[in-house]
Amino acid sequence: MASFRSERNMPSVQEAKEKLSKWRDETARCSADIVELGEFLIDSHPNKLGDEAWLIYEQVCIAALDTGNIDLATHCIQCLSQQFPQSLRVKRLQGMRFEALARYDEAEIVYETILESDASNALARKRRVAIFKAQDRISDAIKELNKYLEKFMGDHEAWMELSELYVSEQNYSKAAFCFEELIMSNPHNHLYHQKYAEIKYTQGGTEALEIARKYFAQAVKLNSNNIRALYGMFVASSHLASSSKTVNSKSKRENIKYAAWAAQQLAHKYKHAKAKETEGQMPYLEKMLDTLQITAGN
């Protein structure tokens, strides 16, 4: 990465501000670049930042915490605190600094103070979840995230995170429920169907496997290039076709058909893939198909 501090590549103040503004608008997580460019502006041209000054300080502070540059983050927080002594946003940055220093008790106190002033402060609640996860207090993280979702049910990322926490606790039924909520809110998102199917497959049992196969199939219907969903459909159908618990001969024949179709789609996609990295995967796919012995003619 080229250094913004080298004389050859030194940007103008306007160029640097525009770059930081672009990253803010895109919510890009390029923390190292933000720190390098932001530090250049703060150190060399603090009086030329104009109306964007405090947005830049906040942006650089978060990036500095992300990269472990505590000194720069502390400097930004001090400047922001002087300008906005009662700001809850600045208090949140103080809490994040405590987190970066692994001073979790102090960070939690800061977030509790914020929530006392503003019970609907979403970011403070999310930071509390992050603290609990950092301390491996998964049950507390789950409780806090459930409280958060009572107020912010439309936060899709929070539902996904809650599902991941439930999976880590092997509570697959509740993990699946999270994706049921997501599918209801956005039924055309193929990744939601895929993730839900993966959880049901992991849950195990004939009924769960049948649900997994159906949702893998729906994910493929929504996005025919979803290779992971195709694999999932193939494996779930194969498992159901070969399971001794599947006593219905019609069900076995249907699952053989589904597995064969998924296998054909996978073989076709790997065969015609342009990416070189897929070339060596065909033998593995063919070996897998031969081992499972699932063909349309069975």
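Student: Among contacts in the protein between residues at least 6 apart in sequence, what percentage join residues at least 24 apart?
Tutor: Happy to start there, keeping in mind that this is a predicted model. Take the contacts between residues at least 6 apart in sequence, and ask which of them join residues at least 24 apart. The share comes to 51%.

Student: And how many helices and strands does the protein have?
Tutor: The strand count is zero. The secondary structure is made up of helices, and their number is 15.

Student: What share of the residues is buried?
Tutor: A residue counts as buried when its relative accessible area is under 20%. Among the 298 residues of the protein, the buried share is 41%.

Student: Let's look at single helices. Which residues of helix 6 are buried, and how are they arranged around its axis?
Tutor: Helix 6 runs over residues 104-117 and spans 20 Å from its first C-alpha to its last, close to the 20 Å expected. Its buried residues are Ala107, Glu108, Val110, Tyr111, Ile114 and Leu115. Seen down the axis, these fall within an arc of 160 degrees, so they line one face of the helix.

Student: Why can residues three or four places apart share a direction in a helix?
Tutor: An α-helix makes one turn every 3.6 residues. That is why residues three or four places apart point the same way.

Student: Which residues are exposed on the other side of helix 6?
Tutor: To count as exposed, a residue needs a relative accessible area over 50%. On the side of helix 6 away from the buried face, the exposed residues are Asp105, Ile109, Glu116 and Ser117.

Student: What covers the buried residues of helix 6?
Tutor: Contact here means heavy atoms within 4.5 Å. The elements covering the buried residues of helix 6 include helix 5 (88-100) and helix 7 (122-134).

Student: Then which residues of helix 5 are buried, and what covers them?
Tutor: Helix 5 has 13 residues and reaches 18 Å, close to the 18 Å expected. Its buried residues are Val90, Arg92, Leu93, Gly95, Met96, Phe98 and Glu99. Their cover includes helix 3, helix 4 (70-83), helix 6 and helix 7.

Student: How do helix 1 and helix 3 cross, left-handed or right-handed?
Tutor: The axes of helix 1 (residues 13-25) and helix 3 (residues 53-67) come within 11 Å and cross at roughly 65 degrees. At this crossing, Lys17, Leu20, Trp23 and Arg24 of helix 1 meet Leu55, Ile56 and Gln59 of helix 3. The crossing is left-handed.

Student: On to aromatic rings. How many aromatic pairs are there, and which residues form one cluster?
Tutor: Ring centres must lie within 6.5 Å to pair. The count of aromatic pairs comes to six. One aromatic cluster is formed by Trp54, Tyr57 and Phe84.

Student: Why is the pair of tryptophan 159 and phenylalanine 177 called edge-to-face?
Tutor: The two residues are 18 apart, with tryptophan 159 in helix 9 (residues 156-168) and phenylalanine 177 in helix 10 (residues 172-185). Planes over 60 degrees apart count as edge-to-face. The ring centres of tryptophan 159 and phenylalanine 177 are 6.2 Å apart and their planes stand at 70 degrees, so the pair is edge-to-face.

Student: Of these two, is tryptophan 159 buried or exposed, and what about phenylalanine 177?
Tutor: Tryptophan 159 has a relative accessibility of 8%, so it counts as buried. Phenylalanine 177 has a relative accessible area of 41%, which makes this residue partly exposed.

Student: Which residues does tyrosine 166 contact, leaving aside its neighbours within four places in sequence?
Tutor: Tyrosine 166 is in helix 9, and its relative accessibility of 8% makes it buried. Beyond those neighbours, its contacts are Ile142, Asn146, Asn171, Lys174, Ala175 and Cys178.

Student: How far is histidine 190 from glutamine 218, C-alpha to C-alpha?
Tutor: Histidine 190 is found in helix 11 (residues 190-203). Its contacts outside four places in sequence are Ala219, Leu222, Asn223 and Asn226. Although histidine 190 and glutamine 218 are 28 residues apart along the chain, their C-alpha atoms are separated by 7.4 Å.

Student: Last one: where does aspartate 136 lie?
Tutor: Aspartate 136 has a positive phi of about 60 degrees although it is not a glycine. With a relative accessible area of 61%, aspartate 136 is exposed. Its place is the loop between helix 7 and helix 8 (138-151).

Note on methods:
Residues numbered from 1 in each chain as written. Predicted model: local features only at pLDDT ≥ 70, side-chain atom pairs only at ≥ 80, totals over all residues. Heavy atoms only, no water. Phe/Tyr/Trp six-rings, centres within 6.5 Å; stacked < 30°, edge-to-face > 60°. Helix = DSSP H or I, 4+ residues; strand = E, 2+ residues; numbered from the N terminus. Buried < 20%, exposed > 50% of the residue type's maximum accessible area, 1.4 Å probe, protein only. Expected span 1.5 Å × (residues − 1). Arc of directions from axis to C-beta. Axes fitted to C-alpha atoms, helices over the stretch in contact; angles between N-to-C directions. Left-handed = near helix turned anticlockwise from the far one by under 90°.
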